[in-house]
Amino acid sequence: MRPQEDHTPLVATGFGLTLAVLAVFQVYFWREPGRIQAVEAADLRRAQTAGSELYAENCAACHGEGGEGNLGPVLNSRTLLKTTADDTLFSLIRTGVPGTVMPAWGQTYGGPFTDQQAVQLVAFIRAWEATAPEIAPVVIEPDPVRGATIFAETCFICHGENGQGTDRAPALNDPATLRDFDNAWYRNTITHGRPAKGMPTWGTVLSPQQIDDVVALISAWREGQAVMPLISMRRHLRSALFAVQQFDQPDASFHLEAALAQASESEAKDIRAMMGLLGQKDWAGAQARLLTFLPPEEIGQELFVINCAACHGVEGRGGLGKNLRDNKFIQSHSDDDLSAFILAGRERTAMDGFEGILTPEDLSYIITLIRVWQK
Ligand code: HEC
Ligand code: HEC
Ligand code: HEC
């Protein structure tokens, strides 16, 4: 008879091992969710870092460095982020907003970014939500008066003061045309322009808000309303100066009257004196008086709007042409060099020369203005 084998130590060892394995698993199962979370958090941080770089390079110019908004709307807003799902942000970024300056960023839509990069941008923007200020995105109602003011500063040169047309561009206040085309058509035409036919692309110069204001003006014309722009006294005086230089008495009187209506007492005395000189057809006297009244950079501003704003923006902040504020090229050239440059233009770019268009006097006013912008 074989002696009874004693399995006890083995069973004990086996049991011990099983317990050990179970214990390890136990620990593993217990720690796994934490581990997954840690990996996910690291992935999210990586995505946010990548997103923040993409944002700084591509979006900050329009939406502000911290999403506070600029040319584009505020993105760092709790209301916006709460009501906009990741999917919606993702798709907005990929497709852009057609008919506005918000470009399409997704490769599928002709933009530069992969889907992964769009996800990274969403992760970066989403991270603002926790601390985003409780402000509703600003909705500014399109305003025909603001539109009329923009029109009087930017469009009248070609389309005439009330949109009646000039030899440079067709009438815009023609009732039949206004009936045939809706606001969306006007918004689109103004934004994209017809560069080949001399109508500038305003989408790169005016903000979508400003274009909406101009469309509101056009809409008011369609309803037969006349809208007066908010033109400052100084602007009327600048217009008067140009009318005087062209020996245009009715126009000069009109602008002097309008300026007088806004003038303080001491200014009114000067303006009446100018009207007196104009009455005597003393063109040189009226011009000299207007010139002492207007600082040269303001005259430069008028000339800039007429000649340069279509490309460089009314404020010189750039568009099709470069930003002329804090501009290295301007800072590193003398007045004479700048005059020569503006007369000659730059070959193979849209910057055509102004030889035969601007007088040396005009140039000196414009240069005074762009020097002020460097400060
Ligand atoms: C050239 C200016 C410009 C640039 C650059 C730009 N945007 Fe925009 N963006 C806009 C404008 C303007 C709108 C508003 C469009 C409209 O009227 O609906 C907008 C709208 C948006 C919206 C929708 C906001 C809302 O209130 O519905 C998001 C999200 C957005 N942009 C994200 C981005 C991101 C991300 C980038 C960079 C990859 C970017 N934008 C770059 C101009 C810009
Ligand atoms: C430098 C001159 C110039 C300026 C400044 C200008 N336009 Fe034009 N615009 C034109 C010309 C030229 C056309 C006609 C283009 C064509 O023949 O298709 C035109 C056409 C248009 C049309 C289409 C009219 C139609 O019946 O087809 C609209 C709308 C318009 N402009 C609006 C504006 C607005 C708004 C502004 C100011 C923000 C402006 N334009 C500033 C030259 C100009
Ligand atoms: C039709 C469009 C257009 C008009 C109008 C225009 N510019 Fe320009 N301008 C440009 C472009 C585009 C450039 C940049 C050229 C390049 O890519 O080097 C430029 C460049 C310049 C520069 C050099 C800036 C730099 O950093 O290199 C100055 C200064 C300048 N323009 C001044 C003016 C002034 C002043 C006027 C009006 C008298 C004017 N421009 C009218 C399109 C225009």
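**Three iron sites in a predicted model**

A search of the whole structure finds 0 disulfides. The structure is a predicted model, and the account below follows its three iron-bearing ligands one after another. Two cysteines may be noted at the outset: Cys 59 is buried, with a relative accessible area of 12%, and Cys 308 is likewise buried, at 11%.

We begin with ligand 1. The iron atom of this ligand is coordinated by two protein donors, NE2 of His 63 and SD of Met 102, at 2.0 to 2.1 Å. The 6 donor atoms around the iron atom of ligand 1 subtend angles of 87 to 178°, and the arrangement is therefore octahedral. His 63 belongs to helix α2 (residues 60-63), whereas Met 102 sits in the loop between α4 (86-95) and α5 (115-126), and this pair links distant parts of the chain, 39 residues apart. As for solvent exposure, His 63 has a relative accessible area of 9% and is therefore buried, the limit for that class being under 20%. Met 102, at 23% relative accessibility, counts instead as partly exposed.

The second site is that of ligand 2. Here the iron atom is coordinated by His 159, through NE2, and by Met 199, through SD, at 2.0 to 2.2 Å. The site has 6 donor atoms with angles of 88 to 179° among them, and it is octahedral. His 159 lies in helix α6 (residues 144-159) and Met 199 in the loop between α8 (183-192) and α9 (208-222), so the two ligating residues tie together parts that are 40 residues apart in sequence. His 159 counts as buried, because its relative accessibility is 9%.

Around ligand 2 there are 21 residues, of which Cys 155, Cys 158, His 159, Arg 194 and Met 199 come nearest. Two of these residues also make polar contacts through their side chains: a polar atom of His 159 lies 2.8 Å from a nitrogen atom of ligand 2, and an N or O atom in the side chain of Arg 194 is 2.6 Å from an oxygen atom of ligand 2. Helices α6 and α8 each supply at least two residues of this shell, which by class holds 13 nonpolar, 5 polar and 3 charged residues.

The third site is that of ligand 3, whose iron atom has His 312 (NE2) and Met 351 (SD) as its protein donors, lying 2.0 to 2.2 Å from it. Its 6 donor atoms subtend angles of 86 to 180°, which makes the arrangement octahedral. His 312 is in helix α15 and Met 351 in the loop between α17 and α18 (360-372), so that the pair ties together parts 39 residues apart in sequence. His 312 counts as buried at 12% relative accessibility, while Met 351, at 22%, counts as partly exposed.

The surroundings of ligand 3 comprise 19 residues, and the closest are Cys 308, Cys 311, His 312, Arg 346 and Met 351. In the side chain of His 312, an N or O atom is 2.8 Å from a nitrogen atom of ligand 3. Oxygen atoms of ligand 3 are approached by polar side-chain atoms of Asn 327, at 2.9 Å, and of Arg 346, at 2.5 Å. The elements that give two or more residues to this shell are α15 (309-312) and α17 (335-344). By class, the shell around ligand 3 has 12 nonpolar, 5 polar and 2 charged residues.

Conventions:
Residues numbered from 1 in each chain as written. Chains lettered and ligands numbered in written order. Predicted model: local features only at pLDDT ≥ 70, side-chain atom pairs only at ≥ 80, totals over all residues. Heavy atoms only, no water. Disulfide = S-S within 2.5 Å. Buried < 20%, exposed > 50% of the residue type's maximum accessible area, 1.4 Å probe, protein only. Near = heavy atom within 4 Å. Polar contact = N/O pair within 3.5 Å; in protein donor to acceptor, adjacent residues only side chain to side chain. Helix = DSSP H or I, 4+ residues; strand = E, 2+ residues; numbered from the N terminus. Nonpolar A, V, L, I, M, F, W, Y, C, P; charged D, E, K, R; others polar. Donors = N, O, S within 2.8 Å, 3.2 Å for Na, K, Ca; no water. Tetrahedral: all angles 85-135°; square planar, octahedral: opposite > 155°, others 65-115°.
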